[in-house]
Each structure stands twice: as structure tokens, then as C-alpha cells.
Number of protein chains: 2
Amino acid sequence: MTQRRRQLPTSEELRIWRDFVETAEALRSELASRLQNESSMSPGDYTVLLALSEADGHRLRPSELAATIGWERSRLSHHLGRMERRGLVRRENCATDSRGAEIVLTAEGADAFRGASIPHLRAVRELFVDALSPGQLTAAGDLAATLRERLDTSRGRR
Amino acid sequence: MTQRRRQLPTSEELRIWRDFVETAEALRSELASRLQNESSMSPGDYTVLLALSEADGHRLRPSELAATIGWERSRLSHHLGRMERRGLVRRENCATDSRGAEIVLTAEGADAFRGASIPHLRAVRELFVDALSPGQLTAAGDLAATLRERLDTSRGRR
DNA sequence: GGCGGCTTATTGACATGTCAATTACTTCGC
DNA sequence: GCGAAGTAATTGACATGTCAATAAGCCGCC
């Protein structure tokens with residue numbers, strides 16, 4: 001009699017899975033909370049400001065920005081509205097495509113990013129890089145690559 | 001001259017960090033989307049239903065439930081309101097503490113959980129367990145434990 | 001037996017995320 | 001050029017998450 005392929009995770013596999021996702025979530029949440037307390041900004045703000053800081057002329061079309069940071073456009077649009085209200089970015093009309101806009105980093109936005117960057121990177125170092133042995137760090141990169149590959153194949157097939 | 005401790009991650013360390021968090025986020029998002037499409041429920045719903053399913057008498061005090069799944073009480077309260085509107089759980093008054101409530105799994109809730117469970121576990125298997133070699137799976141558990149420990153010490157010191 | 005302080009649970013205000021629909025413009029094919 | 005199809009960006013409706021404030025009941029201690 002042929003043996004049927006096991007379909008569901010064993011309890012040990014499930015335990016690892018839960019530890020993994022819960023830890024990743026706790027890490028995300030702790031870094032978000034520090035960013036908020038130390039620099040009054042959300043991880044989303046930081047991501048957007050980082051991308052704009054690295055962009056030519058500190059400006060990007062929303063679509064390019066969305067592609068750079070891997071967000072849906074609608075999400076970005078809402079977020080930019082909030083950031084604009086706080087003076088971190090400015091919207092300008094695009095010269096070459098009148099449907100379009102350009103998002104420009106303001107001086108305030110650049111200041112805020114400068115102030116947030118060092119503490120944030122220190123926190124990443126403390127909670128991730130320094131917590132792991134060199135071997136574990138390599139393993140983390142390896143894991144991420146493997147999981148990402150599976151995700152991409154799996155979504156492609158859909 | 002004493003050497004000052006390096007404070008910020010190197011670019012290679014940062015690359016691994018970004019891969020790691022972005023992959024964890026993509027995995028979370030893909031599983032959420034499948035759960036929604038296959039079973040019309042959010043990960044939060046699933047988490048709550050799982051805890052109630054395993055509870056004695058399919059009922060728990062909100063505080064116990066919050067502790068079990070690691071949520072803040074306010075978050076849970078909002079979420080239970082939404083689940084109650086959809087008939088997945090019911091609130092009852094607590095006999096022994098009249099401040100309190102008891103959250104009871106409804107028949108509908110139990111059905112919904114039964115229907116969601118197998119496909120969800122299959123997805124976990126496909127996207128996580130089966131994607132990894134046995135060594136990688138062990139490494140994932142090891143990573144989670146190490147990072148969790150650092151998070152706990154770090155938060156404790158605060 | 002009653003008061004001060006803790007615990008329980010909810011609520012409101014607001015930030016964030018997703019999805020579908022809309023608006024306005026560009027571009028392609030003829 | 002002109003209409004169909006595609007693209008850029010925003011919007012509205014709603015689900016989810018956080019924080020601070022509130023209401024209400026429990027409990028220890030005098």
C-alpha cells in the first residue's frame with residue numbers, strides 16, 4: 001500500500017512556525033515602538049523617508065516610490081497624505097505627465113530622517129545583529145532567501 | 001588606544017536584516033490573504049477561534065484569552081466586537097466576577113474554525129515547513145528562540 | 001463596613017492597511 | 001486625429017491596531 005504524503009505539519013513543526021512568526025512580529029512591534037518614542041515616526045514614515053533620501057534630487061514619482069519600497073499605490077497615497085499633513089513631504093505636479101505627481105522630501109522631512117536614522121540602526125543592531133552569532137546571522141539570510149523563493153514560485157503559480 | 005565598539009550595522013548586516021523582515025512580512029501577508037480567500041477570516045479571527053477551540057468548555061475570560069494569544073486587552077475587545085457581530089463568538093456575563101465577561105465559541109464559530117484549519121495548516125506547510133530543509137527548520141527555531149530572548153532581556157531592562 | 005487601590009473590560013480617537021471604484025491623462029492602432 | 005485600452009494617482013469604505021481615558025466591581029486593611 002502506497003504511503004500517502006503527510007499533509008499537515010507535525011506539532012514540532014508547528015511549534016517552530018509559531019515561534020518564528022510570533023518572534024518576527026514581536027521584533028517588528030518593538031522596533032516600531034522605539035521609533036515612535038525616540039523619533040515620533042512610524043516604520044512606514046521611516047521607509048518612505050529613507051527611499052526619498054536616497055533618490056535623485058530627493059524626489060520620486062509615487063509609482064516609483066511604491067515600487068522601491070514594495071507598497072501598493074493606494075496604501076502609499078494614504079500614507080503620503082498623512083506625511084504631507086505633518087510637513088515631512090510635499091506633493092508637486094509632474095512636468096512630463098500631467099496625470100502624475102512628484103513627491104519631494106522637505107527640509108523638515110530630511111531633518112526628521114537624520115534624527116531617526118542612527119537610533120533606529122542602533123536598535124536593529126542591538127535586537128537583531130548583535131543578538132545573533134555570525135553563523136546565526138548567515139542562517140537568517142539563508143532562511144529569508146529560501147522562504148522568499150518559495151513565496152515567489154507559489155504566488156507565480158496562482 | 002582602545003578600540004571603540006562599532007555602533008551601526010554594516011551594509012551586509014543591514015541587507016540580511018531587511019531580507020529577514022521583508023520576507024517575514026511577505027509570508028504573513030500571503031497567509032492572511034489565503035485565509036481570507038479560502039475561509040473569509042482574518043489571522044486574528046483564526047487566532048481567537050483556535051484559542052477558544054482549545055479552551056475548556058469553549059469559553060474563556062477576555063483576560064485569559066488575551067494572555068493566551070498575547071494581545072492587549074483593548075485590541076481583543078475591539079476584535080471580539082467585530083467577531084460577535086459576525087456570530088463567531090458570544091459574550092456572556094461571568095458568574096463569579098460581575099465586572100467580567102466570558103467569551104463563548106458559537107456553533108458557527110466552531111464550524112468556521114473547522115473549515116479554515118486544514119487549508120491554513122496546509123498553507124503553513126507549503127510556504128514554511130516544506131520550503132525548508134530539516135537543518136533550516138531547526139535553524140529557524142533556534143533563531144526565534146535567540147531573538148526572543150534578546151527581546152525579553154531588552155524590554156525587561158527598560 | 002467602608003475606603004483606597006487594583007483589576008476587568010470597554011470605549012473613543014486616531015493611525016494604518018486593503019480593496020474596489022473613480023478621475024484624468026496617455027498611448028496605441030487605425 | 002480619434003476612440004479604446006491602459007496607466008497614474010487618489011478616494012471612500014471599511015478592517016485592524018495602539019493609546020489613553022473611563023466605568024464598574026473586587027479586595028485588603030484599618
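In this predicted model, ring pairs link six aromatic residues into a cluster: A:Trp17, A:Phe20, A:Phe128, B:Trp17, B:Phe20 and B:Phe128. Over all chains, the search of the whole structure gives seven aromatic pairs. One of them brings together A:Phe128 and B:Phe20, whose ring centres are 5.2 Å apart and whose planes meet at 40°, a tilted arrangement. Because A:Phe128 belongs to helix H5 (residues 107-129) of chain A and B:Phe20 to helix H1 (residues 11-39) of chain B, this pair joins two chains. Both partners can be placed by their accessibility too: A:Phe128 has a relative accessibility of 1%, so this residue counts as buried, and B:Phe20, at 5%, also counts as buried.

Rings meet charges as well. In chain A, the charged end of A:Arg75 sits over the ring of A:Trp71, 3.9 Å from its centre. In chain B, B:Arg75 lies over the face of B:Trp71, with 3.9 Å to the ring centre.

Turning to the DNA, strand C is surrounded by 21 residues, and the closest are A:Ser74, B:Ser63, B:His78, B:Arg91 and B:Arg99. Of the strand C atoms that come within 4 Å of the protein, 61% belong to sugar and phosphate. By class, this surface holds 10 polar, nine charged and two nonpolar residues. Helix H4 (73-85) of chain A gives the most, with five residues, while helices H3 (62-69) and H4 (73-85) of chain B each supply at least two.

Individual contacts fill in the picture. A polar side-chain atom of B:Ser77 lies 3.2 Å from a phosphate oxygen of strand C, whereas the side chain of B:Ser74 has an N or O atom 3.2 Å from a base oxygen.

Notes:
Residues are numbered from 1 along each chain as its sequence is written. Chains are lettered from A and ligands numbered from 1 in the order in which they are written. This is a predicted model: local features need pLDDT of at least 70, side-chain atom pairs count only at pLDDT 80 or more; totals for chains, interfaces and linings use all residues. Side-chain values use heavy atoms; hydrogens and water are left out. Rings of Phe, Tyr and Trp (its six-membered ring) pair if their centres lie within 6.5 Å; planes under 30 degrees apart count as stacked, over 60 as edge-to-face and the rest as tilted. Helices (H or I, at least four residues) and strands (E, at least two) are DSSP runs, numbered from the N terminus. Buried means under 20% relative accessible area, exposed over 50%, partly exposed in between (1.4 Å probe, protein chains only). A charge sits over a ring if NZ of Lys or CZ of Arg is within 6 Å of the ring centre and within 35 degrees of the ring normal. A residue is near a molecule or strand if one of its heavy atoms lies within 4 Å of it. A polar contact is a pair of N or O atoms within 3.5 Å; within protein, one must be able to donate a hydrogen and the other to accept it, and residues adjacent in sequence count only if both atoms are side-chain atoms. Ala, Val, Leu, Ile, Met, Phe, Trp, Tyr, Cys and Pro count as nonpolar, Asp, Glu, Lys and Arg as charged, and the others, Gly among them, as polar.
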